[in-house]
Amino acid sequence: EAGTGTYTLSARQTGNGTPPPAPPGDDYSSDTGTQGSITIGSSATGNLESRGDHDWFRMTLAAGQTYQFDMEGSATGRGSLGDSYLYLRNSSGGLITQNDDSGTGLNSRIGYTATSAGTYFLDAGAYAEAGTGTYTLSARQTGNGTPPPAPPGDDYSSDTGTQGSIT
């Protein structure tokens, strides 16, 4: 029978648990050790240099405050990336939420009310890990516990603050 026989497995330690730095030519690493950062009320630019590349940006959020995060590319002229995909991560890198096309065109937008104060990460990528190009990330506070409104042309927001209801 195919696939039967004697096998030898081996394992070896390849590091000390510290994530490797971004590869040469990559602007930001995709882990909690990133050098990328963004402050609320500002923007940052980046480049997805190869398919599957992700750039992480560290930021500090205040508990109970509502924020809006946008990743913009070619649809708004704020970069060359055709279809962005944005992730919001906690201080350990765990996924909180993600978004594909809630911004203008194929741009990404996340509205989030921070449940605790501290460090969070924006993880900038491309839809289906397929795109490359430049982008602009922006982070702004939109209120105190009130989710941001739905984007223009969207009838209902895609979060717990939606005005949509079923009776």
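I take a residue as buried under 20% relative accessible area, as exposed over 50% and as partly exposed in between, with a 1.4 Å probe and protein chains only.

**Ground rules.** The model is predicted, and I note that local features need pLDDT of at least 70, that side-chain atom pairs count only at pLDDT 80 or more, and that totals for chains, interfaces and linings use all residues. Residues are numbered from 1 along each chain as its sequence is written, and side-chain values use heavy atoms, with hydrogens and water left out.

**Entry 1: aromatic pairs.** I counted rings of Phe, Tyr and Trp (for Trp the six-membered ring) as paired if their centres lie within 6.5 Å, calling planes under 30 degrees apart stacked, over 60 edge-to-face and the rest tilted. By this rule I arrive at seven aromatic pairs. One of them is Trp 56 with Phe 121, a tilted pair whose centres are 5.7 Å apart and whose planes make an angle of 45 degrees. I then looked up where the two rings sit, taking strands as DSSP runs of E with at least two residues and helices as runs of H or I with at least four, numbered from the N terminus. Trp 56 belongs to strand E2 (residues 55–61) and Phe 121 to strand E7 (residues 118–126), so this pair ties together parts that are 65 residues apart in sequence. Trp 56 is buried at 8% relative accessibility, and Phe 121 is buried as well, at 1%. I also noted one aromatic cluster, formed by Tyr 28, Phe 57 and Tyr 135.

**Entry 2: strand E7 and its partners.** I asked how many of the nine residues of E7 are buried. Seven are, so E7 is largely enclosed by the rest of the structure. For strand pairing I required that DSSP find at least two bridges between two strands. E2 and E7 run antiparallel and are joined by seven bridges, with Leu 61 having Gly 118 in E7 as its bridge partner. Strand E4 (residues 84–89) also pairs with E7 in the antiparallel sense, over six bridges, and there I found Leu 86 opposite Ala 124.

**Entry 3: the open sheet.** I followed four strands that form an open sheet in the order E1-E8-E3-E6, with antiparallel pairing. Its edge strands are E1 (42–48) and E6 (108–113), each of which pairs on one side only. From one strand to the next the twist averages 20 degrees, where axes are lines fitted to C-alpha atoms (for helices over the stretch in contact) and angles run from 0 to 180 degrees between N-to-C directions. Within this sheet, strand E3 (residues 66–72) and strand E8 (residues 133–143) run antiparallel and are joined by seven bridges, and Tyr 67 stands opposite Gln 141 in E8.

**Entry 4: the loop between E7 and E8.** Most residues other than glycine have a negative phi. Ala 128, in the loop between E7 and E8, nevertheless has a positive phi near 60 degrees, and I find it exposed at 56% relative accessible area. Glu 129, located in the loop between E7 and E8, has a positive phi of about 60 degrees although it is not a glycine, and at 32% relative accessibility Glu 129 is partly exposed. What does Glu 129 touch, not counting residues up to four places away in sequence? With contact meaning heavy atoms within 4.5 Å, I list Arg 51, Gly 52, His 54 and Tyr 87. Glu 129 and His 54 lie 75 residues apart in sequence and 8.7 Å apart in space, C-alpha to C-alpha.
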